[in-house]
Amino acid sequence: MADQGIHGEDDLVFRRVCALLDPLNHKGVRLTRDIDLVADLEIDSVSVLDVVMDVEDAYDISIPVNTISETKTLGELVDAIHAIKKSQG
Amino acid sequence: MSLFEKFEKTAALYNGLSEMGKNPFAVVMEEVLGPTRALIKGRETVLAGTHNYLGQTFEPKAIAAAKRALDEEGTGTTGSRFANGTFAGHKSLERALADFLGMKYCVVFSTGFVANLGAIAGLLDPAEDVVLIDADCHACIYDGCQLSGAETIRFRHNDPESLDKRLGRLDPKYKGKLVCIEGMYSMYGDIAPVKEFVEVAHRHGAYLLVDEAHSFGVYGEKGRGVAEAEGVMDKIDFYSGTFSKALAAIGGFVASNHPQAEYLRFSSRPYKFTASPSPATIASAHAALDNIAATPALRAKLWDNANRLHAALTQYGLRLAAPPAPVISVLLPTKEEAFAAWNFLIDQGVYVNMAIPPGTPGKESLLRLAVSSAHTNDDIDRLVAAYGAMAEAFPSARVAYAS
Ligand SMILES: Cc1ncc(COP(=O)(O)O)c(C=O)c1O
């Protein structure tokens with residue numbers, strides 16, 4: 001995988017998650033690592049879980065609900081995906 | 001004041017509803033007139049948003065049994081099942097439930113919510129077990145997982161393949177694996193492919209828990225639930241249920257063929273540290289259970305009513321969430337329209353439930369009608385007329401609008 005270790009906004013995982021969030025981003029908020037998924041995007045916690053399910057299927061990994069509840073920002077979510085990809089992939 | 005700050009947005013929404021119309025989340029049944037009627041805002045209303053599936057709320061045998069228990073055993077047990085709160089009635093109801101289900105063991109809890117908390121948190125070790133749950137599982141299953149502290153993984157709703165993938169890629173470090181699904185899901189009234197889930201779970205060495213809160217008494221030849229209808233009653237590992245719907249009381253239970261289910265009596269904090277159901281509650285639940293077991297006609301009537309209503313709503317072109325079931329939900333695109341449509345129905349003298357995201361499976365809002373065997377022809381006629389008028393007034397509730 002070419003995208004490991006790059007934790008910036010040109011990171012492939014980051015971009016993929018952004019693409020999955022796009023349909024929910026009704027306010028057109030600019031997606032950065034710092035945005036708070038629930039507060040800034042105004043999407044509910046269940047929708048976050050559903051986006052995560054898409055991420056799981058895209059990367060063939062499982063992201064525990066416990067992990068998701070510990071992530072607030074987009075950057076934290078992306079980092080969690082990287083960590084899980086490393087351990088499960 | 002930071003303790004309250006987080007509520008302000010929701011409080012504004014909640015209070016706003018009352019200003020815009022009648023608030024579906026602040027309904028008071030001012031006077032209960034029977035199993036399917038009550039006074040709401042002074043008006044006689046047909047109740048189609050209760051879970052009185054088999055109409056047992058006024059069953060004379062259940063009322064008589066509860067009165068007798070009150071007279072003979074008092075108002076409450078004043079203690080938990082683990083300590084002083086187990087009476088002969090609790091034990092005999094456990095036996096009767098196990099027999100009704102054709103399972104060997106049964107543990108009664110104080111509510112269905114607590115039964116799921118108790119089973120899930122009681123079974124799982126946070127250090128070495130993992131739990132996989134259907135994405136649309138009820139809040140109490142989510143909370144049970146959280147309480148257990150074990151790793152929790154969601155799979156796509158009613159999708160055995162999605163479960164298969166997630167079980168397949170689990171780290172071998174996990175010792176115990178538990179899968180949780182429901183029989184009939186309460187929001188859409190859709191049914192789980194329990195047989196396929198049994199196959200997938202067992203192939204991976206996982207245990208399967210099926211919450212039949214809404215399907216107990218309602219599905220299957222003997223009323224044992226969706227697992228019975230699917231022919232796999234003897235294959236599921238844990239069966240959870242509630243007294244609050246078909247049995248029209250309050251309480252819950254977990255049944256199993258594993259003798260170790262009895263371990264919940266000491267491993268489950270929600271069993272040990274809350275008061276047990278009162279004697280009258282146990283007595284009415286037991287009498288209702290005997291009654292529904294002896295009266296399959298109740299189930300037949302429920303299904304007649306459900307089929308009739310589903311056909312009528314389909315005819316009106318309303319967009320329904322699932323095939324005929326005791327829960328019939330109409331989908332609406334927005335919260336605002338759902339709220340207006342709910343108000344429209346209540347003004348017609350019909351009470352149903354309104355559900356909005358994130359409490360719903362998808363992005364849509366819904367009006368949820370729960371059918372009862374006690375709905376009379378007159379009740380059904382009124383429901384059909386009110387929904388017909390609603391279909392006229394709310395084109396967005398119709399199939400034609402969505403497509
Ligand atoms: C699927 C499911 N499980 C459990 C419960 C909780 O049951 P109880 O009302 O007995 O706490 C409900 C009902 O709200 C439910 O829908």
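Helices here are DSSP runs of H or I with at least four residues, strands are runs of E with at least two, and both are numbered from the N terminus. This is a predicted model, in which local features need pLDDT of at least 70, side-chain atom pairs count only at pLDDT 80 or more, and totals for chains, interfaces and linings use all residues. Residues are numbered from 1 along each chain as its sequence is written, chains are lettered from A in the order in which they are written, and side-chain values use heavy atoms, with hydrogens and water left out.

**Stop 1: chain A**

Select chain A. Five helices and zero strands are there. From the N terminus, the order of elements is α-α-α-α-α. Now go to A:Glu42. This residue sits in the loop between α2 (37-41) and α3 (45-59) of chain A. Its phi is near 55°, a positive value in a residue other than glycine. Most residues other than glycine have a negative phi. Is A:Glu42 buried or exposed? A:Glu42 is partly exposed, at a relative accessible area of 46%. The cut-offs are these: buried is under 20% relative accessible area, exposed is over 50%, and partly exposed is in between (1.4 Å probe, protein chains only).

Colour chain A by burial. Of its 89 residues, 49% count as buried. The accessible surface of chain A comes to about 4500 Å² (Shrake-Rupley method, 1.4 Å probe; for residues, only the protein chains shown count as cover). Carbon and sulfur atoms hold 51% of that surface. Contacts come next (heavy atoms within 4.5 Å). In chain A, residues 24 or more positions apart account for 54% of the contacts with a separation of 6 or more.

**Stop 2: chain B as a whole**

Switch to chain B. Look for 16 helices and 14 strands. Its C-alpha trace spans about 55 × 55 × 55 Å along the principal axes. The radius of gyration is 21 Å, which agrees with the value near 22 Å for a compact globule of 403 residues (taken over C-alpha atoms; the globule rule is 2.2 Å times the number of residues to the power 0.38). Buried residues make up 56% of the 403 residues. Chain B exposes about 16600 Å², and carbon and sulfur atoms supply 56% of it.

**Stop 3: the two domains of chain B**

Colour residues 5-57 + 296-402 as domain 1 and 59-294 as domain 2. These bounds come from an automatic or database domain assignment. The domain centres, taken over C-alpha atoms, are separated by 27 Å. At the junction, 25 residues of domain 1 are in contact with 27 residues of domain 2. The area buried between these domains of chain B is about 2100 Å², with 59% from carbon and sulfur atoms. Buried area is the accessible area (1.4 Å probe) that two parts lose on being put together, summed over both. Select B:Gln56, B:Arg299 and B:Pro361: in domain 1 they lose the most area to domain 2, together 31% of what that side buries.

**Stop 4: the cores**

Show the largest nonpolar core, with 116 residues. A nonpolar core is a set of buried Ala, Val, Leu, Ile, Met, Phe, Trp, Tyr and Cys residues joined through side-chain atoms within 4.5 Å. Those with the most contacts inside this core include B:Val179, B:Val194 and B:Phe253. Helix α15 (residues 377-393) of chain B gives the largest share, seven residues. Both domains of chain B take part, with at least three residues from each. Apart from this core lies another, of 26 residues, among them A:Ile35, A:Val55, A:Ile63 and A:Val78.

Zoom in on B:Val194. What is it in contact with, leaving aside neighbours within four places in sequence? Its partners include B:Ile181, B:Leu208, B:Val226 and B:Ile236.

**Stop 5: two loops in chain B**

Find B:Lys41 in the loop between β2 (37-40) and β3 (43-47). Phi of B:Lys41 is near 50°, again a positive value in a residue other than glycine. B:Lys41 is exposed, at 61% relative accessible area.

Move to B:Pro358, in the loop between β13 (353-355) and β14 (365-370). The peptide bond from B:Pro357 to B:Pro358 is cis, with omega near 5°.

**Stop 6: where the chains meet**

Show both chains. The contact takes 16 residues from chain B and 17 residues from chain A. Together the chains bury about 1500 Å², 44% of it on carbon and sulfur atoms. Finish on B:Arg154, B:Arg156 and B:Arg169, which supply 41% of the area that chain B buries against chain A, more than any other three residues.
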